[in-house]
Number of protein chains: 2
Amino acid sequence: MPITALPPLDETARSILEAASKRFLHYGYGKTTMSEIAGDCNMSTGNLYRYFPSKLDIAEAFVRHLRGEQIRRLREVVSRPGLSTPQKLRTFFKTKLKLVYDRFHDRPKAYELSQEIMRERPAFADEWESAEALVLCEILEGGEMTGDLAVCNRVRISRILQDAFFRFTSSAVYYEGDYDLLAGELDELMDLVLDGFQLRNSKSKI
Amino acid sequence: MPITALPPLDETARSILEAASKRFLHYGYGKTTMSEIAGDCNMSTGNLYRYFPSKLDIAEAFVRHLRGEQIRRLREVVSRPGLSTPQKLRTFFKTKLKLVYDRFHDRPKAYELSQEIMRERPAFADEWESAEALVLCEILEGGEMTGDLAVCNRVRISRILQDAFFRFTSSAVYYEGDYDLLAGELDELMDLVLDGFQLRNSKSKI
DNA sequence: TGATTGAACACTTCGGAAAGCATTCACGCT
DNA sequence: AGCGTGAATGCTTTCCGAAGTGTTCAATCA
């Protein structure tokens, strides 16, 4: 099930989500209260619970939305015509770096919200990693078909790639790191990884 | 200047450091007071400041000692005779994974102390990364000389390798990850990286 | 004179009471 | 029945005075 497959929300639920999202983005999760959300929607706090099991679930729905957009974006840049498999892999991770970096720097509340959810709902973090891995798998599959890449255990290799580029997609670094520096290192690591793939491909063709 | 080059400490300073270390390991940094350390050394709190500028500096001296041991250990396993350059690289990162993993799991106070210092003294974290990079550079240099490796910008490649294996040496993962799982992924990533090096080496020989 | 002391100072942490919050539920309203 | 309410509940956060702690320094010691 793709991460973007949200259960459809009725109109009331959507207005709750919208009101909550605005406050989450502006004031942060902790500084937003259920009564404020209820007030924005002209309803009582009790009624919110008819539509969402808890405050955290409202936040999760919102983050799910944000993440869905990210996945869509990654899929989009990667499926642009004329890109070779190596170019796709590079684009994938560079786009991800840029997305996380930008979000961290100019939408700090959204960033903080994601962190919050990931801590409280580890399963959601896993789901998200899998959704990304799926996009990687598709790139690898494309590479195998065009002969750009040796046949491999795609699921496993996706995981290994996620490990390899973890530094550029984890938040730990963004306090210290300047974007161009990170992007430069990402490029060089990608060069090395692609050389690895190239060797495997030429070997497998013998 | 290697990380192990500590300014020599006079006897009083050493006894302070020893007393403090015991308490840090047993009770943690926060739960250890200057008066306790002073009491252990049969002196007044004021006198501690003749030997260390602050409590944090005592802790730093201790962590510096621990880290020095780690570097020594890494250097040792890597310089065992009969190891090829690829084997050295693999051993380096697997040892580091094991060191961090073990410390996190069975010496939590020592781990917490390191984290504390790294947060308060980012410069120390950099120094530590550089000290490790130096060991990597030496491995790469050895590889170039024996022809196992193409000539490269060793400092840069060391950095890239640190990036690539960041996930296995950062702490973020140890909450979730089981050791064998991590070690398995590390091995596969190393396979890929080594394939990359091999391609570069064969190319450069043409 | 250089090492050492311990009281003084400013800052942080702590504990318990008060306020605020997410969540529930018995009850209207339509 | 289904939508909605708002007071009641129990948990968490916030205050704020008191105790504790890192650091300094004028005085003492050897």
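A residue counts as exposed here if 12 or fewer other C-beta atoms lie within 10 Å of its own, and as buried if 20 or more do. Keep that in mind as you click around this predicted model.

**Stop 1: helix H6 of chain B**

Select residues 108–120 of chain B, which form helix H6. At 1.5 Å a residue, its 13 residues should span 18 Å, and the end C-alpha atoms are 18 Å apart, so expectation and model agree.

Now colour B:Leu113, B:Ser114 and B:Ile117, the buried residues of H6(B). Look down the helix axis: these buried residues fall within an arc of 100 degrees, so they line one face of the helix. The general rule helps here: an α-helix has 3.6 residues a turn, so residues three or four places apart point the same way.

What do the buried residues of H6(B) pack against? Show helix H1 (11–27), H4 and helix H7 (122–146) of chain B, and you have their partners. Then turn to the other side of H6(B), where B:Pro108 and B:Arg119 are exposed.

**Stop 2: where chain B touches chain A**

Next, bring both protein chains into view. The contact takes 19 residues from each of chain A and chain B. On the chain B side, select helix H8 (154–164), helix H9 (166–169) and helix H10 (179–205); each supplies at least two residues. H10(B) gives the most, with 10 residues. Colouring this side of chain B by class shows eight nonpolar, three polar and eight charged residues.

**Stop 3: DNA strand C**

Move on to strand C, which has 16 residues around it. Those that come nearest are A:Thr33, A:Gly46, A:Ser54, B:Met43 and B:Gly46. From chain A, highlight helix H2 (34–40), H3 and helix H4 (55–78), and from chain B add H3; these elements each give two or more residues to the surface near the strand. Which element provides the largest share of the surface near strand C? That is H3(B), with four residues. By class, the surface near strand C has four nonpolar, 10 polar and two charged residues.

**Stop 4: DNA strand D**

Finish at strand D, with 15 residues around it. Label A:Met43, A:Gly46, B:Thr33, B:Gly46 and B:Ser54, which come nearest. For the elements, select helix H3 (45–51) of chain A, then helix H2 (34–40), helix H3 (45–51) and helix H4 (55–78) of chain B; each supplies at least two residues of the surface near strand D. The classes there are four nonpolar, 10 polar and one charged.

Technical notes. Residues numbered from 1 in each chain as written. Chains lettered and ligands numbered in written order. Predicted model: local features only at pLDDT ≥ 70, side-chain atom pairs only at ≥ 80, totals over all residues. Near = placed C-beta within 6 Å. Nonpolar A, V, L, I, M, F, W, Y, C, P; charged D, E, K, R; others polar. Contact = placed C-beta atoms within 7 Å. Expected span 1.5 Å × (residues − 1). Arc of directions from axis to C-beta.
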